[in-house]
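Work through the exercises below with the sequence and the structure at hand. Each task is followed by a solution in steps.

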Amino acid sequence: MVVTESGAARAEPAAVPAPAGRLRRRRSWRRRGGEALWAYLLIAPTGLGLGVFYLWPVLQTAYFSFTEWGPFGGHEWIGLENYRTLAGDREVLRALGNTTLYTVLGLAGVPVAICFAALLNQRRLRGVSVYRMLFFLPMVTMPVAVAMVWRWLYNGDYGLINYALSLVGVDGPHWIADPATALYALAAVGIWTSLGYNLVIFLAGMQAIPRE
C-alpha cells in the first residue's frame, strides 16, 4: 500500500516473477561456467608443464638463434648471420641430406608392413596370433636391449652378419663405422623396430574389409 501526496491510497504493484525460460538460461550459464572453471583447473597442470618445459624453450631457442654468445656469457643481436653461416656450411647441408635420406628409407617400412599384413591375412593361415606377437615384439622391447643386439649383429670383427657373409666368401664391412653403410644399417633397425606396429594397424584394417 502506497499513500500519495493527495492522501489517496493505492496498491503497490506486485513484483513480476521472472519468466521460467530466463531462469533456466541463467542456471544453464552458471552450470556451464562452473564446468568450464573445473575444466581449466584440470588442464592447468598439463598446460603449465607444456608451457614451461616445451613452449618456452622453443621460443627461447628461436630467439637465441638470432644472437651471438661470448665465451663468458652475454649475447648480442646479430640477425640472420647464423643462418647465413649455416647455409654456406657443407657439413650442415650434408647432415640435412642424410636426414632426408633416412626419412625416405624409414618410409620404406610402410609398404613392407603392408606386404606382411597381406600375407598374414590369408585364409586358413595357422598361428596368426603367434606371428603377430613376434612382429610386435620389437615395439615392447627395451631400446637398450635392441641397441645391444644390433650392435653385436653389426660388429665388423665378430658380428653374426659378417660371419654369415664369410661362409659364402664375402668380407663384410664395419656396418656402423663405415660412412657408406652406417645410414642404411640404422635405417634397417628403424624399419625393423616399427614394422610390428604398422603391421598390426594394416592387418586390422584388412580384416575389416569384406571379402566381397
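**Exercise 1. Find the strand that holds T67, and decide whether T67 is buried or exposed.**

Step 1. T67 belongs to strand β3, which covers residues 67–69. The model is a predicted one.

Step 2. The relative accessible area of T67 is 4%. Buried means under 20%, so T67 is buried.

**Exercise 2. List the polar contacts of the T67 side chain with F64 and W69, then name the residues that T67 touches beyond four places in sequence.**

Step 1. Take F64: its backbone oxygen lies 2.8 Å from a polar atom of the T67 side chain.

Step 2. Take W69: its side chain makes a polar contact with the side chain of T67, at 3.5 Å.

Step 3. Leave out residues up to four places away in sequence; T67 then touches H75, E76, W77, I78 and N82.

**Exercise 3. State how many salt bridges there are, and describe the one between E81 and R84.**

Step 1. The count is 2 salt bridges. Side chains of opposite charge can pair when their charged atoms come close.

Step 2. In the pair E81 and R84, the closest N and O atoms are 3.4 Å apart. The cut-off for a salt bridge is 4 Å, so the pair E81 and R84 forms a salt bridge.

Step 3. Both residues lie in helix α2, residues 81–87. E81 and R84 are 3 residues apart, about one turn of the helix.

Step 4. E81 has 40% relative accessibility and counts as partly exposed. R84, at 53%, counts as exposed.

**Exercise 4. Do the same for R94 and E91: give the distance and the place in the helix.**

Step 1. R94 forms a salt bridge with E91, and their closest N and O atoms are 3.8 Å apart.

Step 2. R94 and E91 are 3 residues apart in helix α3 (residues 90–107), so about one helical turn separates them.

Step 3. R94 has a relative accessible area of 52%. Exposed means over 50%, so R94 is exposed.

**Exercise 5. Locate L167, classify its exposure, and name the surface patch it belongs to.**

Step 1. L167 sits in the loop between α7 (160–166) and α8 (182–207).

Step 2. Its relative accessible area is 61%, so L167 is exposed.

Step 3. L167 is part of a nonpolar surface patch together with W152, Y158, L160, Y163, V168 and V170. The accessible area of the patch residues together is about 790 Å².

Terms used: Residues are numbered from 1 along each chain as its sequence is written. This is a predicted model: local features need pLDDT of at least 70, side-chain atom pairs count only at pLDDT 80 or more; totals for chains, interfaces and linings use all residues. Side-chain values use heavy atoms; hydrogens and water are left out. Patches are made of residues with over 30% relative accessible area and no salt bridge: like charges are joined within 9 Å, nonpolar side chains (Val, Leu, Ile, Met, Phe, Trp, Tyr) within 5 Å. Accessible areas come from the Shrake-Rupley method with a 1.4 Å probe; for residues, only the protein chains shown count as cover. A salt bridge is a side-chain nitrogen of Lys or Arg within 4 Å of a carboxyl oxygen of Asp or Glu. Helices (H or I, at least four residues) and strands (E, at least two) are DSSP runs, numbered from the N terminus. Buried means under 20% relative accessible area, exposed over 50%, partly exposed in between (1.4 Å probe, protein chains only). A polar contact is a pair of N or O atoms within 3.5 Å; within protein, one must be able to donate a hydrogen and the other to accept it, and residues adjacent in sequence count only if both atoms are side-chain atoms. Contact means heavy atoms within 4.5 Å.
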